[in-house]
Amino acid sequence: MRILGIEGTAWAASAAVYRFDPAAPDADADPFIETDAYQPESGGIHPREAAEHMGEAIPAVIEAALDAADGPIDAVAFSRGPGLGPCLRIVGTAARALAGTLDVPLIGVNHMVAHLEIGRHGSGFDSPVCLNASGANAHLLGYHDGRYRVLGETMDTGVGNALDKFTRHVGWSHPGGPKVEAAAADGEYVDLPYVVKGMDFSFSGLMSAAKDAYDEGTPVEDVCFSLQETIFAMLTEVAERALSLTGADELVLGGGVGQNARLREMLSTMCADRDAEFYAPEPRFLRDNAGMIAVLGAKMYAAGATVDIEDSAVDPNFRPDEVAVTWRDGESVAIDPVERPERQGAEAVVTVGDERVTKRRLPKAYRHPALDERLRRERTVAEARLTSEARRRGVPTPVVRDVDVPAATLTFDRVGDRDLAAALTPARARVVGDHLATLHDAGIVHGDPTVRNVRLDGDRVFLIDFGLGYHSGHVEDHAMDCHVFEGSVRGTATESAADAALAAFEEGYAGRGADAVLSRLRDVEGRGRYR
Ligand SMILES: C[C@@H](O)[C@H](NC(=O)OP(=O)(O)OC[C@H]1O[C@@H](n2cnc3c(N)ncnc32)[C@H](O)[C@@H]1O)C(=O)O
Ligand SMILES: Nc1ncnc2c1ncn2[C@@H]1O[C@H](COP(=O)(O)OP(=O)(O)OP(=O)(O)O)[C@@H](O)[C@H]1O
Ligand SMILES: [Fe+2]
């Protein structure tokens with residue numbers, strides 16, 4: 001069987017043909033790919049110019065793929081979104097026309113899911129967490145209950161776009177990512193802002209600081225080196241958080257920024273250190289390409305997931321979690337509720353005794369030593385302070401027995417016999433809402449209120465793990481805290497259980513300013529959408 005794939009969300013006018021055996025659509029076979037890249041004359045990607053390029057280049061790449069097919073095409077798959085509207089419309093029109101001419105079914109593919117599936121295809125992993133690090137996006141996906149859930153994502157720009165904006169600022173041509181990588185080879189480390197909130201993250205403060213550093217005379221090589229060290233450590237940390245939260249032990253990488261050797265090195269080190277497996281597709285499958293569209297198209301075709309022409313409109317904001325995943329088994333990223341005496345969390349090694357718990361933030365080999373030192377120290381201090389302060393404000397937390405800042409080690413009383421991931425109910429979620437509202441009223445942000453950081457002891461609900469916490473009275477920061485909690489529930493519970501728990505959580509989140517925070521929360525959810 002032969003599936004023709006067409007990609008054209010932004011810069012890559014690409015067509016591919018994937019020949020496969022319908023009895024084994026998962027088997028590893030190599031698609032033929034033909035790509036014509038758009039290269040802006042100056043500045044970044046201009047949507048109108050990109051669309052002009054798409055219109056001119058698409059017929060020839062399709063022609064090349066049809067030639068290489070060497071036999072009849074059984075279906076046409078195309079990128080429906082996300083991406084630039086003017087480009088998507090050209091590709092959609094071409095795909096519909098071709099499917100009509102050939103009289104074969106049409107398959108509408110989500111480009112971000114394709115970035116994920118090409119890694120799953122190449123690795124043979126069952127149920128990996130996926131880090132998509134591309135130009136316009138940066139997010140973590142995990143399969144759960146019929147969909148790929150967004151476990152964490154950028155709160156502002158995509159990771160490649162962030163790098164590209166910096167290189168534009170210093171006058172380098174598009175795309176900037178490879179130039180940052182080359183310049184970084186001669187750079188030294190300078191501190192830049194590091195912003196992780198649960199499994200979400202943001203680049204805007206970091207990018208402003210990088211531009212300021214350059215404007216103030218920091219050598220561009222140093223800024224590039226430090227941008228890589230900081231941004232990729234953030235992505236690696238959230239990937240590790242996603243592995244820890246879900247209990248998954250497989251990670252795949254997707255997206256054009258995945259071509260960066262330093263990012264791959266960090267992810268591979270992190271996975272090796274926690275006995276997880278890591279897979280990165282080769283570069284031609286990481287950057288935008290029609291091969292990944294054809295391969296996912298084949299899996300969707302085998303599952304009967306074709307689309308009627310009248311329902312095939314493109315969608316520039318097409319989110320991966322909108323796709324009903326019908327082409328694979330129901331194996332979720334595993335949730336591991338087993339309580340072990342020694343736990344490797346995302347950040348620390350935690351030893352749970354009968355009465356006491358010791359938490360050691362061991363050095364992370366993937367991080368630059370200076371950044372590693374800074375994060376371990378800051379977080380140990382914050383965790384000790386805020387755990388105690390929260391309890392004084394009436395939120396149950398473990399008593400802090402000892403703090404050793406140089407060793408980044410804390411000793412707490414043991415609390416609870418399981419966490420909320422293992423025993424989610426609306427009543428408990430309501431109490432979490434109440435606790436977060438109490439913290440926020442007192443000007444404290446938890447920073448990482450996931451279901452794993454809620455401990456249960458009979459009717460009592462404890463909050464732990466304040467290492468990402470800080471003081472703030474801003475509605476935005478309070479809304480982000482709620483967003484982190486809601487994301488962790490959506491990522492680990494079934495849809496109906498999550499709906500019930502989150503309704504109760506928001507009822508429990510009552511008190512001063514709650515309306516403003518919950519309305520900002522709706523805003524934050526919308527903001528994760530693609531640009
Ligand atoms: C929606 C779709 O159009 C979009 N595609 C996209 O962003 O192209 P992609 O090929 O996945 O990634 C391009 C980005 O990847 C960066 N990039 C390429 N090589 C890089 C390298 N060696 N190091 C860092 N970044 C690199 C480029 O600077 C650019 O920002 C997406 O997937 O978000
Ligand atoms: N005071 C405590 N009482 C009982 N169990 C605890 C306590 N502190 C931690 N644990 C257990 O250890 C696990 C990891 O702890 P913690 O969340 O503080 O570490 P972490 O490395 O920050 O983990 P993550 O970032 O994955 O949430 C918790 O999920 C919990 O099961
Ligand atoms: Fe992409």
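Helices are DSSP runs of H or I with at least four residues, strands are runs of E with at least two, and both are numbered from the N terminus. The model shown in every view is predicted.

**Figure 1. Domain assignment of the protein chain.** The chain is assigned domain 1 (2–121 + 285–322), domain 2 (124–283), domain 3 (345–386 + 400–413) and domain 4 (418–527). Taken over C-alpha atoms, the centres of domain 1 and domain 4 are separated by 39 Å. An unreviewed UniProt entry carries the annotation "domain: Gcp-like" for residues 35–294. Helix accounts for 52% of that span and strand for 18%, and the C-alpha atoms at the ends of residues 35–294 lie 13 Å apart.

**Figure 2. Surroundings of ligand 1.** The shell around ligand 1 holds 27 residues, of which Gly135, Gly160, Gly177, Gly256 and Asn260 come nearest. At least two residues of this shell are supplied by each of helix 4 (159–169) and helix 5 (177–184). By residue class, the shell around ligand 1 comprises 8 nonpolar, 15 polar and 4 charged residues. Because domain 1 (2–121 + 285–322) and domain 2 (124–283) both contribute residues to the shell, ligand 1 lies between them.

**Figure 3. Surroundings of ligand 2.** Ligand 2 is surrounded by 23 residues, with Ser244, Gly345, Ala346, Pro398 and Asp465 the closest. Helix 7, strand 14 (349–352) and strand 15 (356–360) are the elements that give two or more residues to this shell. The shell around ligand 2 divides into 9 nonpolar, 5 polar and 9 charged residues. Domain 3 (345–386 + 400–413) and domain 4 (418–527) both give residues to it, so ligand 2 lies between these two domains.

**Figure 4. Residue Asp448 and its contacts.** The annotation "active site" in an unreviewed UniProt entry covers Asp448. This residue belongs to the loop between strand 19 (444–445) and strand 20 (454–457). Asp448 is buried because 25 other C-beta atoms lie within 10 Å, where 20 or more are required. Leaving aside residues up to four places away in sequence, Asp448 touches Gly198, Asn453, Asp465, Leu468 and Val484. Of these contacts, Asp465 also appears among the closest residues to ligand 2.

**Figure 5. The largest nonpolar core.** This core has 113 residues, and Ile6, Val76, Leu235, Ala239, Ile293 and Ala294 touch the most other members. Helix 7 (residues 220–246) provides the largest share, 15 residues. At least three residues of the core come from each of domain 1 (2–121 + 285–322) and domain 2 (124–283). Not counting residues up to four places away in sequence, Ile6 touches Ala15, Ile62, Val76, Phe78, Val91, Ala94, Ala95, Ala290 and Ile293. Another core, of 36 residues, lies apart from this one and includes Met480, Phe505, Ala514 and Leu521. In soluble globular proteins, nonpolar side chains tend to be buried together.

**Figure 6. Helix 2 and the loop that precedes it in the chain.** Gly85 is found in helix 2 (residues 85–102). It is partly exposed, as 15 other C-beta atoms lie within 10 Å. In sequence, Gly85 and Ile6 are 79 residues apart, and their C-alpha atoms are 15 Å apart in space. Pro82 sits in the loop between strand 4 (75–81) and helix 2. The peptide bond from Gly81 to Pro82 is cis, with omega near 0 degrees.

**Figure 7. Backbone geometry at Pro175, Asp145 and Ala408.** Most residues other than glycine have a negative phi, and most peptide bonds are trans. The peptide bond from His174 to Pro175 is cis, with omega near -5 degrees, and Pro175 is placed in the loop between helix 4 and helix 5. Asp145, although not a glycine, has a positive phi of about 55 degrees. Its place is in the loop between strand 7 (138–144) and strand 8 (147–153). With 16 other C-beta atoms within 10 Å, Asp145 is partly exposed. Ala408 likewise is not a glycine and has a positive phi, of about 50 degrees. The loop between strand 16 (400–404) and strand 17 (409–413) contains Ala408. This residue is buried, with 25 other C-beta atoms within 10 Å.

Definitions and conventions:
Residues numbered from 1 in each chain as written. Chains lettered and ligands numbered in written order. Predicted model: local features only at pLDDT ≥ 70, side-chain atom pairs only at ≥ 80, totals over all residues. Core = buried A, V, L, I, M, F, W, Y, C linked by C-beta atoms within 7 Å. Buried ≥ 20, exposed ≤ 12 C-beta atoms within 10 Å, placed from the backbone. Domains from an automatic or database assignment. Contact = placed C-beta atoms within 7 Å. Near = placed C-beta within 6 Å. Nonpolar A, V, L, I, M, F, W, Y, C, P; charged D, E, K, R; others polar. UniProt positions renumbered as here; feature names shortened; annotations may be inferred.
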